[in-house]
Each structure stands twice: as structure tokens, then as C-alpha cells.
Amino acid sequence: MNRTTLSLLAAATALAAVTGFAALTAPDAGQPDTQAQAGTPSRLPVERSSLLCPAPGTSDIAETTYTSFTPAGGGTAGAAADPAAESSAELKPSVGTLADASPVKPEEKPAKDDEKKDGTEEGDAAKDEKAKKPAPRTPDKPLLTLKEPGKPVAAEESGSDTPALVGTASGRLAPGWTTQQTTTVSAGSGRGVLGVSCTAPDTDFWFPGASLAKDRQDYVHLTNPDDDTVATVDIELYGKDGLLKSKQEPGGIKVKPGATTRVLIPYLAAEPAEDVTVHVTTREGRVGAVVRAAGDATGSDWLPASTDPSGQLVMPGIPADATSVRLVAFAPGEADADLKIRLATASGTITPAGAESLRVKSGMTAFADLKDVTKGEAGSLLLSPSQSGKATPVVAALQVTRGKGDKQEVAFIPATAPVSGRATAADNRAKGSVLSLAAPGAAAEVKVTASAGTEGGTQVVKTYTIKAGTTLAITPPVPAGLKGSYALTVEPQPGGGPVHAARTLLLPQDGIEMFTVQTLPDDRGMVAVPTAEQDLTVLGD
């Protein structure tokens, strides 16, 4: 009688189907997993991961840099992906060009970034740039290919027709694979530095901090990574009084296989509102989703999704010279949330004067104007229940402004989960990077690795101590002999408290303090795989 044991691979495959972004492999059958024998979950490096990068925008003078990186050493906790397994990591253009899900009426069509509001051109610069653009890429030709862990690669694109990217990494390039997209638009209403960490596909996203204000033009960008499934997407908007009446078609928004679509948020709302929370879900399929926010006076940047709803949230990386900080929060459950607002600075945790608390009613969006809350000292915003033991889950984000008058520049900081194992920020320059590490609870020790550069250099490793209840904002280490850009990898050391991290990239231009902030959630390079408590077998002849 033959006995075929159900392998750990089956459990891993099921888990990958749930997470929708990674695949795992089981230990060799000849090498028993001691953790599994003890009845505890095994931790294995992912063997396949997916990333989606949104189309950079519609400006003819946009310059976009993509930087891709996988940390050396495979997974964390001493485990590594099989070095003999076939490995690859590529980002390719999505199918077709960027398409609007809703028709834009001529009288309401947003002006291009290189045009005035009356439709006249600023000059011939945009035409000259457009004439220099290369022929459109084909979907099967990679824009960016990573070849080995520990060494980032970069590629540049320009113009308004740069496509969204769809990518997959496998083997030893999969654990911790990260790609940064950084776009610079030097002029126009959409000017600024727009930075975003390319995201894994999912089925549920929350974006507090979007707006329907007249001086804002916010789009939801949706990218379908699958080549055999049409994704059906629903978008809900919540204002200060609750769910807004919607103009979305009953059948949802269709995103074709492998394609990308953008939706101008005001076209979804049948009533006016300013601060809104955008909720993106899928009925079928999965998508990558991110919001591109653009203001007439404050420039533009990407608004990534907030971490999952929680009773305690951290938003790290508020610059020391922030001239305005606006908190937007939403309570998705059935209970109201009474939140305590605190700021973790370099010297300790304080309560901002005049902004000590925020009440968020169920199903409604609330905001707090924190003004220049950092007052020259970089910090991280902490949200927690006003009453102990009464934690109501919320999502939240910050809109942060630097500069004043016509020199303002905006960036967004969504609430982010702690780094449980490791996190990476790619595309750091020799100058202009700031790494913020927040320890809202107990003190923590963090190892920071500056990788080799895209064109040369040797990695550098340093360890930092973060005092309890503080934010440590540092100029990060730079690789020895750096050429090109590099990646920063953050690894909290055992025995410390939770660490939340963010990287700020400062790229001033023409007197405008252009910047972008990317939070560093855990890279999910390792996954705990549950094990059966008993030997499940299939009996056969």
C-alpha cells in the first residue's frame, strides 16, 4: 500500500493564493523541519513576488527613474532562498496606454502640466522634449531587469506616455524585492517630486487624505497584474458626513487583463466634499492601487494606501521644516473612535498644543490641522485610544507641506505597520536622503545597510539605537565609492520594541523644496507557514 503524505508545499500554495503576492516552497523532504516537528509554524523565504508601478502621469516634461533591488541573503532569520533555484526579476510595461475609466468633458479636462489654465503653452520646451522621446515600448520587453541580490539596477524614462509597469521576481531575487519610482516634474500645476514604492496587488485599499477640492485633481490609478482575468473594481468615497452619493456604474470599473486605468475622483462623486477617504475593493481579480494627488498651489505626489485599520497608528518621517501638517482619519467600523494625538520627537513624546485629540465618527472622515507641529525637530505622529482599553480601528494619513506661498511642495505619509523583519527603500542619492526611525514603545536597535550603488560602490553597515518614545532622523550611511543611487535596508534587532520607518528624498529645484516621503513597511520576504498537528495521508494502491 502506497502512502502519499500531503506536503508543506500544499499549505504554502494555499497561503500564497490567499495573500495574492507570493509563493513559497517546502523544505527538502530529506531534511526534516524541526519547527514543523515541534508543531510551530515554519518560516520560509518567499519564492515568487509581484510588484506594480503606476503610470507616472501626463506631463511631457516628466523625468522618471526606476530603481529595483533585492537584499542579499534571501529571507531573514537566517533562512535563504534556494541558490540553485532559477531566479529572475523583471518589470515590463502594462498592456496598452493609460486610459481614463470615465470620459473627461472638454470644459472640465485638466490642463496639462506644461500648459496654462487658458490652454496656451508655456513655451516650446515641452514640444522639444516630446520630439526627443523614444518609440513606445512593447509589453514583452522589460524596462528593468534585476540580475543579482545586493546590487540595485536603475532605468530612466521621460514624457507623458511612460506606462505603468507589471513585474514578477522569483527564486533568490523574490524575498524583499523592492522597486522605487521617482518622477520629477519641474513646472506646471502638477510640478514636484512624485515618489512611490511599487506595490503588491491586493483586493482592498484605504486612502485617507484624498480631496475633491476645486484646487485639487486627484486620480486613482488601477493596474491589473493578471493576463487572464478582468478585474472589477468598486470605489467608495467617504466625506465628513459619511458615504458620498456615487456616480459609479453599478457594474463597477473594469480593468482589462494586464492593463492600467486611472479614475478622476471628482467624477465618482455626485455631491461636493473636500477631505475624503477613498476605499478601493475588487469584486473579481486583484489590482495595484495608488492615488495621485495634485494641487494648484502645492504641487503633486503619490498617496499610497494606509496600513490595515488599527486602534494604534504611526506615521513616521515628518520633516523638521514642515510648514503645515494635516491629519486625515477614517473609522471603517461601527464604533466611533476617540483618538489621542502625540508627536514622537528626537527628545521624547509630546502632545501638540491645540491638537490633543480627534474624534472620528463611524463611517466618516475627520481631520485635524496640526500646522507647523514639528517646529524645527523631525518627528512621527502617533495615534492611540483616548481611553485605555477602548481601541477602535481607524486608517489615517498626513498631508505634509514644506515652503510657503508659490514655493510650497506637498507629500503624503500614510500610517504604516512596524518593520517586523526587514524593509528597504531604493533610489537613495549621495545627498538628499533622510531616514526616520520611530520607536513609539520600548527602545530599539536597528541595523541599517547601504547597498552597493547602481554603477559602483561597496556596501556599508551601521547600527543605531532609538530611545523609547522618540524618532531618530539621520543622514543615512552612503556606500564607499558610490556611483549612481543605492538602497537602504532596515533590520530591527531582537529584543527591542517596534520600529516604524520612512525615507525622505529631498530634491530642491528653482527655490522650491521638492521632496517625497516613502514609508517602509516590512518587505514580507519571510512567511510563517502553518503546520499540521497530525500526519495527514492519502491512501492508494
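## The largest cavity

By class, 3 nonpolar, 3 polar and 3 charged residues make up the lining of the largest cavity. The structure is a predicted model, and this cavity encloses about 70 Å³ of space. The residues around the largest cavity are Asp 336, Ala 337, Asp 338, Leu 339, Pro 385, Ser 386, Gln 387, Lys 390 and Thr 392. Strand S23 (residues 337–344) supplies the largest share of this lining, with 3 residues.

## The second largest cavity

The structure holds 2 cavities of 30 Å³ or more. About 50 Å³ of space lies in the second largest cavity. Its lining consists of Leu 52, Cys 53, Pro 54, Thr 199, His 221, Thr 223, Gly 288, Ala 289 and Val 290. Two or more residues of this lining come from each of S3, strand S13 (219–223) and strand S19 (288–295). S19 accounts for the largest share, 3 residues.

Sorted by class, the lining of the second largest cavity has 5 nonpolar and 4 polar residues, and no charged residues. The lining of the largest cavity, in contrast, includes 3 charged residues.

## The disulfide

One of the residues lining the second largest cavity, Cys 53, also takes part in a disulfide with Cys 198. The structure holds 1 disulfide. The two sulfur atoms of Cys 53 and Cys 198 are 2.0 Å apart. The torsion about their S-S bond is about 110 degrees, so the disulfide is right-handed.

Cys 53 belongs to strand S3, while Cys 198 sits in the loop between strand S11 (192–197) and S12; the pair therefore ties together parts that are 145 residues apart in sequence. Are these two cysteines buried or exposed? Residues under 20% relative accessible area count as buried. Cys 53 has a relative accessible area of 1%, so Cys 53 is buried. Cys 198 has a relative accessibility of 8% and therefore counts as buried.

## The largest pocket

The largest pocket contains about 1,200 Å³ of space. How many residues line the largest pocket? The lining has 43 residues, and those nearest the centre of the pocket are Thr 199, Ala 200, Pro 521, Asp 522 and Arg 524. Thr 199 is also one of the residues that line the second largest cavity.

The elements giving two or more residues to the lining of the largest pocket are strand S3 (42–53), strand S12 (204–211), strand S30 (423–428) and strand S39 (515–519). S3 gives the most, with 4 residues. S3 is also the strand that holds Cys 53 of the disulfide. By class, the lining of the largest pocket has 23 nonpolar, 14 polar and 6 charged residues.

## The nonpolar cores

The largest nonpolar core has 31 residues. Which of its members touch the most other members? They are Met 315, Leu 327, Leu 381 and Leu 398.

Leu 327 shows what such contacts involve. Leaving aside residues up to four places away in sequence, Leu 327 touches Met 315, Ile 341, Leu 358, Ala 366, Phe 367, Ala 368, Leu 370, Leu 381, Leu 383, Ala 396, Ala 397 and Leu 398. A second core, separate from this one, has 29 residues, with Phe 207, Val 263, Leu 268 and Val 276 among them.

Note on methods: Residues numbered from 1 in each chain as written. Predicted model: local features only at pLDDT ≥ 70, side-chain atom pairs only at ≥ 80, totals over all residues. Heavy atoms only, no water. Core = buried A, V, L, I, M, F, W, Y, C linked by side-chain atoms within 4.5 Å. Buried < 20%, exposed > 50% of the residue type's maximum accessible area, 1.4 Å probe, protein only. Contact = heavy atoms within 4.5 Å. 1 Å grid on protein atoms, 1.4 Å probe; cavity = no way out; pocket = protein on both sides within 12 Å on 5 of 7 lines; lining within 4 Å. Points joined across faces, edges and corners; volume = space filled by probe spheres on them. Nonpolar A, V, L, I, M, F, W, Y, C, P; charged D, E, K, R; others polar. Disulfide = S-S within 2.5 Å.
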